[in-house]
Amino acid sequence: MSIRPVKHISGTQSALEGAGVKLERVFGFGDPSMTDPFLMMDDFRNDRPQDYQAGFPWHPHRGIETITYVLEGSVDHADSLGNSGTLGPGSVQWMTAGSGIMHQEMPKGDFRGRMHGFQLWANLPSSLKMTTPRYQDIGATDIPEIIDDDGTRVRVVVGEFWGKRGPVDGVAADPQYLDISIPPNTRKVLPIDTYRSAFAYIFAGSATFRDASKPFGVLVEKEIGGEEVHMRDMSGNRTLVVFGTGDEIVVQSGEQGVRFLLVSGAPIKEPVAWHGPIVMNTREELEQAFRDLRSGSFIRESATV
């Protein structure tokens, strides 16, 4: 067995997306080969409705898959093909945009105004860029959870782990998407496929991984003694850890325990031509997608659920 080293560790960057949603971008502002087949990930977490309620109005996607995982609050969604629904706490939607879809996502807070979720973008290989759009909406009760002897909890959203298989299937990257909670001061060894790209995103508590420095937290402005200063806020963590090759990950939780997403997938290793919500392989394909948008021919086929 070989333990995966840590090859990259970073904090998030604040961003404003949609119609004015304040969020933290985990990655998606650099070289996409570092996290191939995953292109971008956002952590949308807020307890101020004015910072998220404008949502993500109608916008297009082509050539990718989007994975939305909700922890608190809910997300109402609808698309140009007539699909609609609501993602509640603990639920996930895996949308294969394929040849093209227009959709919107409108977050709502819980009774205390809290909203928390993640959206991950996975690339599609050239052979599936123009596939028929597809939805998989999975409720919280359909996601299996495993509790280990030491109290570690794992929700298996996608893929197989410790003998349980997640409900999402038929995804191009053949990924593994796990929501892992480890009790305080616990060392845990987690298996992972050697041939997959893999990253962890810590979003509660703290932990260290083998060869990694301490988590970054998020950079915020605070007023101290009448002056604004920049400092790292560890209260919600927000640290990305990208791993090298190997078939095990070693994590040591901190005094408050840790909760993180562990995501892996088979690299596509193809050229990326990317502009906004459309990701193709060549500049010509990208330009064609925007011509299709302008001409009204962007939507080609009905989505499957």
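## Sheets, helix and cores of a predicted model

In strand β10, Glu 105 is the bridge partner of His 77. This is a predicted model, in which local features need pLDDT of at least 70 and side-chain atom pairs count only at pLDDT 80 or more, while totals for chains, interfaces and linings use all residues. Residues are numbered from 1 along each chain as its sequence is written, and side-chain values use heavy atoms, with hydrogens and water left out.

The pair His 77 and Glu 105 belongs to the antiparallel pairing of β7 (residues 74–79) with β10 (residues 101–108), which extends over six bridges. Strands here are DSSP runs of E with at least two residues, helices are runs of H or I with at least four, and both are numbered from the N terminus; two strands pair if DSSP finds at least two bridges between them. In the seven-strand sheet described below, β3 (residues 21–27) and β4 (residues 38–46) run antiparallel and are joined by three bridges, and Arg 25 stands opposite Asp 42 in β4.

The table sets out the two open antiparallel sheets, with angles taken from 0 to 180 degrees between the N-to-C directions of axes that are lines fitted to C-alpha atoms.

| Strand order | Edge strands | Average turn between neighbouring strands |
|---|---|---|
| β5-β10-β7-β8 | β5 (56–61) and β8 (84–87) | 25°, direction ignored |
| β2-β3-β4-β11-β6-β9-β12 | β2 (13–17) and β12 (134–138) | 20° |

Helix α1 (residues 283–295) has 13 residues, which at 1.5 Å a residue, times one less than their number, should span 18 Å, and the end C-alpha atoms of α1 are 18 Å apart, which agrees. Leu 286, Ala 289 and Asp 292 of α1 are buried, that is, under 20% relative accessible area, where exposed means over 50% and partly exposed lies in between (1.4 Å probe, protein chains only). They cover an arc of only 115° around the axis, taken from the directions to the C-beta atoms, and therefore lie on the same side of α1. The buried residues of α1 pack against β24 (273–275) and β25 (278–280), with contact meaning heavy atoms within 4.5 Å, whereas the face turned away from the buried side carries the exposed residues Glu 284, Arg 294 and Ser 295. Just after α1, Gly 296 takes a positive phi of about 85°.

A nonpolar core is a set of buried Ala, Val, Leu, Ile, Met, Phe, Trp, Tyr and Cys residues joined through side-chain atoms within 4.5 Å. The largest one has 26 residues, and Met 41, Phe 118, Leu 120, Tyr 177 and Phe 199 have the most contacts inside it. A second, separate core of 22 residues includes Val 6, Ala 207, Phe 260 and Leu 262.
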